[in-house]
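Open the model in your viewer and keep the sequence panel visible beside it. The stops below go from a single contact to a pair of strands, and then to the empty spaces.

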Amino acid sequence: MLGHGFLTEPVVERLLHALPPETPIWTYGRNPDVLAELQRLGSQPAASPADLAARSEYLLVLLENLDELEAHLGGPSGLRAGVHRSKLLVVGGISAPDDLRQLAGDLLEKTAGLLRVVDAPLSGTQAAAAHGELAIAVGAAPGLYRDALPVLELLGNCVRVGGVGSAQIANACEQYVIAATAMALGEAAVIAERAGLDLAQVLQSWELSLAGSQVLVAARGKLLNRDFEPDLPAGAALAPLEVATQQAWRTGTSARLLANVRELFQLLDRAGMSSHDLAATYQYLAAQHPERREAQG
């Protein structure tokens, strides 16, 4: 495991429980607090990216972007220096599809075909990761997909959607749907509550209708308890929304709703709420124009 993304801890915990006890899990990253927690869970620390690669057959990367990954690749202590036999490098985070394709080709060439890249952005909450219930779109050739499945299937449900880069597009569009749903849910909840309705009753009625969704189920308790500790941070939507926007432009798609959702999440980020749960879209929207609520009541 290379990285420190918000899913790192539950993913490591899941693998420690799901893999045979004799299977070591090595970890490396630049966040000492995350590394200390991973070691407490039972992982073993690697001395460098090269040491991590040398000890591992299967490298799962959970970094913020490809720039962070590339910073770990070169030099005598870099990841490439530890590649002496065939290995899989599974990119579980978000990246621009073309950049990932370029990186996959470069790594294959510079390691004489030993380091093969699988595109598999992990999607879901921390609770889903801990229970092996993530949704994982995978971009890889069929044979490489089969090689990656033994570990990925421990983390969730996998679907191959094409070659490297294709999973990034599928995931970005999926995250767009989730982000739009969360924003609509937040707006609708604020409207209903300001109209004097009991939010618990309203949410229950929505769950029984076509508006019912996993997003609603995950947000219900947080909305009612005003508890926005992150299970899926709102800021996690920013990078996928950028990828979706780029793909809309490339494909000549007039994605007006996407533009609005992206802008709203950028505003939420500027308000310092990226680390809050995705359900905090309600919290952000409820703080807008409070004078109208006061005038109403």
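A polar contact here is a pair of N or O atoms within 3.5 Å, where, within protein, one must be able to donate a hydrogen and the other to accept it, and where residues adjacent in sequence count only if both atoms are side-chain atoms. This is a predicted model, in which local features need pLDDT of at least 70 and side-chain atom pairs count only at pLDDT 80 or more, while totals for chains, interfaces and linings use all residues. Residues are numbered from 1 along each chain as its sequence is written, and side-chain values use heavy atoms, with hydrogens and water left out.

Select glutamine 168 to begin, which is found in helix α8 (residues 166-194); helices (H or I, at least four residues) and strands (E, at least two) are DSSP runs, numbered from the N terminus. A polar atom of the glutamine 168 side chain lies 3.0 Å from the backbone oxygen of glycine 93. With 1% relative accessibility, glutamine 168 counts as buried, a word that means under 20% relative accessible area, with exposed over 50% and partly exposed in between (1.4 Å probe, protein chains only).

For contrast, select glutamate 22 in the loop between α1 (8-18) and β2 (26-27). Its relative accessibility is 64%, so glutamate 22 counts as exposed. Adding glycine 78 to the selection gives a C-alpha to C-alpha separation of 27 Å from glutamate 22, for two residues 56 apart in sequence.

Next, show strand β6 (residues 115-119), which is largely enclosed by the rest of the structure because 4 of its 5 residues are buried. Strands β5 (residues 87-91) and β6 run parallel and are joined by 5 bridges; two strands pair if DSSP finds at least two bridges between them. Valine 90 stands opposite valine 118 in β6. Follow the chain from β5 through helix α5 (residues 97-110) to β6, and you trace a right-handed β-α-β crossover, meaning that, with the strands pointing away from the viewer, the path from the first strand over the helix to the second runs clockwise.

Now turn to the empty space. On a 1 Å grid over the protein atoms alone, a cavity is a set of points where a 1.4 Å probe fits but cannot get out, and a pocket is an open set with protein on both sides within 12 Å along at least five of seven lines; lining residues have an atom within 4 Å of a point. Grid points are joined across faces, edges and corners, and a volume is the space filled by probe spheres set on the points.

Which residues lie closest to the centre of the largest pocket? Select Thr125, Gln214, Val215, Ala218 and Leu232, the closest of the 28 that line the largest pocket, whose space is about 630 Å³. The second largest pocket holds about 450 Å³, and among its 23 lining residues Phe6, Glu64, Gly93, Ile94 and Ala236 lie nearest its centre. Colour α11 (238-250) as well, since it gives the most to the lining of this second largest pocket, with 3 residues.

Finish with the cavities, of which a search of the whole structure finds 2 of 30 Å³ or more. The largest cavity has about 50 Å³ of space, and its lining includes Gln175, Ile178 and Leu232. About 40 Å³ lies in the second largest cavity, where Val61, Leu63, Gly93 and Ile94 are among the lining residues.
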